[in-house]
Amino acid sequence: MKYRILGLSLLTLTTFAQAAESLCLQKEQDIQHEIDLARQHDNQRRVTGLERALTEARAGCTDAKLRDNHQVKIKEHQQKVDERQKELDQEKADGDDSKKIAKREQKLAEAKRELKEVLAASY
């Protein structure tokens, strides 16, 4: 009976440890994938930069840091969307220059697309 409880406890701790490192592990795998792609395209500068990024990720990656950084990115992109919306509203209020309005709509759509990408990312 003691061994079952000990085994379950170890299994639970292992599961929590894996879950805590999953974002960091995923980030490392993503960087490694980018390194592989850069090597396929003989882009040594990119390989060097990505290897440096991988080393830094392995040294200082924590789940909490990744979540915090992700929340900062989300806020920044949301502010950009809000700013673009205000610019569009101002342009519409100022006049009827359809080229400027179309340009502002395009910028707003791009900012929304970027926000959507950040929201979809896990870190």
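The following exchange concerns the packing of helices H3 and H4 in a predicted model.

Mentor: Local features here need pLDDT of at least 70, side-chain atom pairs count only at pLDDT 80 or more, and totals for chains, interfaces and linings use all residues. Residues are numbered from 1 along each chain as its sequence is written, and side-chain values use heavy atoms, with hydrogens and water left out.

Trainee: Are H3 and H4 roughly parallel or roughly antiparallel to each other?

Mentor: Helix H3 spans residues 63-94 and helix H4 residues 98-120 (DSSP runs of H or I, at least four residues, numbered from the N terminus). Their axes, lines fitted to C-alpha atoms over the stretch in contact, are 9 Å apart at about 165 degrees, on a scale from 0 to 180 degrees between N-to-C directions. Angles under 35 degrees count as roughly parallel and those over 145 as roughly antiparallel. The two helices are therefore roughly antiparallel.

Trainee: Does Glu91 count as buried or exposed?

Mentor: Glu91 lies in helix H3. Buried means under 20% relative accessible area and exposed over 50%, with a 1.4 Å probe and protein chains only. Because its relative accessibility is 14%, Glu91 counts as buried.

Trainee: Leaving aside neighbours within four places in sequence, which residues is Glu91 in contact with?

Mentor: Contact means heavy atoms within 4.5 Å. One of the residues concerned, Ile101, is also among the buried residues of H4, and what covers those buried residues includes H3. With the neighbours within four places set aside, the contacts of Glu91 are Lys100, Ile101 and Arg104.

Terms used:
Angles under 35 degrees count as roughly parallel, over 145 as roughly antiparallel, 65 to 115 as roughly perpendicular and the rest as oblique.
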